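Let's take a walk through this one together, starting with the broad layout and then zooming in on a few individual residues. Have the viewer open and follow along.

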Amino acid sequence: MTEPLYRSDSHARTAEARIIAITPEGGLIADPMLFYPQGGGQPGDSGWIDWDGGRIAIATTLKGEDGASVMVPAEPAPLPPIGAAVTLRLDWDRRHSHMRVHTALHLLSVVIPLPVTGGQISVGKGRLDFDMPEAPQDVPALEAALNALISRDLPVTTDWITDAELEANPGLVKTMSVKPPMGQGRVRLVRIGAGEAQVDLQPCGGTHVARTAEIGRVSIGKIEKKGRINRRVTIELQD
Ligand SMILES: [Zn+2]
């Protein structure tokens with residue numbers, strides 16, 4: 001199985017692929033995998049599969065065995081056979097919105113440097129839950145700081161690091177805003193900004209924009225109290 005395209009090239013919108021499996025429930029698995037499977041608070045991708053003589057709409061994508069992208073048809077319809085050459089087409093507007101919101105949430109955790117207890121991404125908006133006993137005093141200032149980071153047009157890059165390298169570099173873990181999951185051999189790191197201008201580094205398996213200006217302007221919406229120490233902060237894309 002080749003490296004998933006959603007991971008190696010988050011801006012790939014279409015891919016020539018081959019159907020390699022169909023699950024008992026009628027989900028389709030193709031190689032390479034273009035569609036992001038639901039996980040980490042980010043919804044699964046939707047789109048279409050075209051083949052010689054057919055087209056099927058995909059409603060969402062779920063994570064199957066070994067992390068495979070299982071594309072779920074929107075309605076019962078004839079499926080391409082195993083082995084068929086197909087063209088995978090993302091619903092790019094939806095996915096790109098998820099990428100913009102997702103990357104904006106990384107930056108939200110920079111301007112609110114508190115432990116994150118949960119999060120959710122959808123089209124045009126998203127939220128993070130923080131371990132935040134006191135409500136922020138100045139929300140317009142937080143919003144301005146968030147948009148200032150976006151306007152710096154910082155590069156968003158990814159690296160893989162092995163568990164052994166992490167253990168040998170405790171300082172690196174210290175600079176991360178989220179503790180990396182260990183025990184799978186390697187961890188994917190998402191870095192925003194580079195060198196002296198690095199503003200965030202955290203383990204993440206989702207899809208992100210290439211540079212922060214691609215997010216566009218965002219607003220911070222309501223801040224809700226969730227339990228004794230948690231507060232939920234919602235952001236919305238403005239462009
Ligand atoms: Zn991420």
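How many salt bridges does the rule find across the interface of domain 1 and domain 2? Keep that in mind while we get oriented. What you're looking at is a predicted model, and its chain splits into domain 1, covering 5-90, and domain 2, covering 95-237. Measure from one C-alpha centre to the other and you get 28 Å between the two domains. The contact draws on 11 residues of domain 1 and 16 residues of domain 2.

Now for the interface itself. The size of an interface is often given as the accessible area lost when the parts come together. Here, domain 1 and domain 2 bury about 1100 Å² between them, and 48% of that is on carbon and sulfur atoms. On the domain 1 side, the residues that lose the most area to domain 2 are R7, H11 and Q42, which together make up 44% of what that side buries.

Back to the opening question: the rule finds one salt bridge across this interface. If you want to look at a salt bridge up close, go to D45 and R95, where the closest N and O atoms sit 2.9 Å apart. As for polar contacts, there are 10 residue pairs between domain 1 and domain 2, with both partners at pLDDT 80 or more. The side of domain 1 that touches domain 2 is a mix: five nonpolar residues, four polar and two charged.

Next, some backbone oddities. Most residues other than glycine have a negative phi, and most peptide bonds are trans. With that in mind, check the bond from D31 to P32: it's cis, with omega near 0°. You'll find P32 in the loop that runs between β2 (28-31) and β3 (47-51).

Which kind of phi does D66 have, positive or negative? It's positive, near 60°, and D66 isn't a glycine. D66 belongs to the loop between β4 (54-63) and β5 (69-73). Its relative accessibility is 84%, so D66 counts as exposed.

D153 is another non-glycine residue with a positive phi, this time near 55°. Look for D153 in the loop between α3 (139-151) and β9 (156-162). D153 counts as partly exposed because its relative accessible area is 27%, and that category runs from 20% to 50%.

Let's finish in helix α2, which spans residues 92-111 and holds T103. Is T103 buried or exposed? It has 0% relative accessibility, so T103 counts as buried. What does T103 touch, once its neighbours within four places in sequence are set aside? Its contacts are V156, I192, H208, V209 and I215. For a sense of scale, T103 and G26 are 77 residues apart in sequence, and 32 Å separates their C-alpha atoms in space.

S97 is found in helix α2 too. With a relative accessible area of 7%, S97 is buried, because the cut-off for that label is under 20%. Follow the S97 side chain and you'll see that it reaches the backbone nitrogen of G124 at 2.8 Å. Not counting residues up to four places away in sequence, S97 touches V123, G124 and L237.

Technical notes: Residues are numbered from 1 along each chain as its sequence is written. This is a predicted model: local features need pLDDT of at least 70, side-chain atom pairs count only at pLDDT 80 or more; totals for chains, interfaces and linings use all residues. Side-chain values use heavy atoms; hydrogens and water are left out. Domain bounds come from an automatic or database domain assignment. Contact means heavy atoms within 4.5 Å. Buried area is the accessible area (1.4 Å probe) that two parts lose on being put together, summed over both. A salt bridge is a side-chain nitrogen of Lys or Arg within 4 Å of a carboxyl oxygen of Asp or Glu. A polar contact is a pair of N or O atoms within 3.5 Å; within protein, one must be able to donate a hydrogen and the other to accept it, and residues adjacent in sequence count only if both atoms are side-chain atoms. Ala, Val, Leu, Ile, Met, Phe, Trp, Tyr, Cys and Pro count as nonpolar, Asp, Glu, Lys and Arg as charged, and the others, Gly among them, as polar. Helices (H or I, at least four residues) and strands (E, at least two) are DSSP runs, numbered from the N terminus. Buried means under 20% relative accessible area, exposed over 50%, partly exposed in between (1.4 Å probe, protein chains only).
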